[in-house]
Amino acid sequence: MFERANKKSSNQGRSVKLPGRAPQHSDAKPVDIARELRAKSELGRREAKLAAAEAKKRG
């Protein structure tokens, strides 16, 4: 069977380097990687604090 040149093999992952971690091979989707990076960023921490304050105010 032939594979198309523009398709990525299903068993082939990508090398991912997240801050504070060693590079690792991962099958995670780019969107999931971006969400994790944002959650750990300064902006993500501020958003988490804001969400916690809003939840506390609601009761």
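What follows is a walk through the fold, the helix pair and two individual residues of this protein.

The model is a predicted one, and its confidence varies along the chain. Mean pLDDT for the protein is 80, with 80% of the residues reaching 70 or more. Broken down by element, strand E1 (residues 14–16) sits at the bottom with a mean pLDDT of 78, while H2 comes out highest at 94.

As for the fold itself, the secondary structure amounts to two helices and two strands. Read from the N terminus, the order is β-β-α-α. Not much of the chain is tucked away: of the 59 residues, 10% count as buried. The accessible surface comes to about 5,700 Å², and carbon and sulfur atoms account for 55% of that. Contacts that span a long stretch of sequence are missing too. Taking contacts between residues at least 6 apart in sequence, 0% join residues at least 24 apart.

The two helices follow one another in the chain, H1 covering residues 30–40 and H2 covering residues 42–58. Their axes come within 4 Å and cross at roughly 75°. Angles of 65 to 115 degrees count as roughly perpendicular, so that label applies to H1 and H2. On the H1 side, the contact is made by Arg38, Ala39 and Lys40; on the H2 side, the partners are Glu42, Leu43, Gly44, Arg45 and Glu47. By residue type, this contact has five charged residues, two nonpolar ones and one polar one.

Arg45 gives a local view of that helix pair. This residue belongs to helix H2 and, leaving aside residues up to four places away in sequence, touches Ala39 and Lys40. Both of those partners are among the H1 residues that meet H2. With a relative accessibility of 48%, Arg45 counts as partly exposed, because the exposed class takes in values over 50%.

Lys17 falls on the other side of that cut-off. Its relative accessibility is 52%, so Lys17 counts as exposed. This lysine lies in the loop between E1 and strand E2 (24–26). Once residues up to four places away in sequence are set aside, Lys17 touches Ala22 and Pro23. A link in space to the helical part can be given as a distance: the C-alpha atoms of Lys17 and Ile33 are separated by 9.8 Å, with the two residues 16 apart along the chain.

Key
Residues numbered from 1 in each chain as written. Predicted model: local features only at pLDDT ≥ 70, side-chain atom pairs only at ≥ 80, totals over all residues. Heavy atoms only, no water. Buried < 20%, exposed > 50% of the residue type's maximum accessible area, 1.4 Å probe, protein only. Contact = heavy atoms within 4.5 Å. Areas by Shrake-Rupley, 256 points an atom, 1.4 Å probe, with all protein chains shown as cover. Axes fitted to C-alpha atoms, helices over the stretch in contact; angles between N-to-C directions. Parallel < 35°, antiparallel > 145°, perpendicular 65-115°, else oblique. Nonpolar A, V, L, I, M, F, W, Y, C, P; charged D, E, K, R; others polar. pLDDT = per-residue confidence, 0-100.
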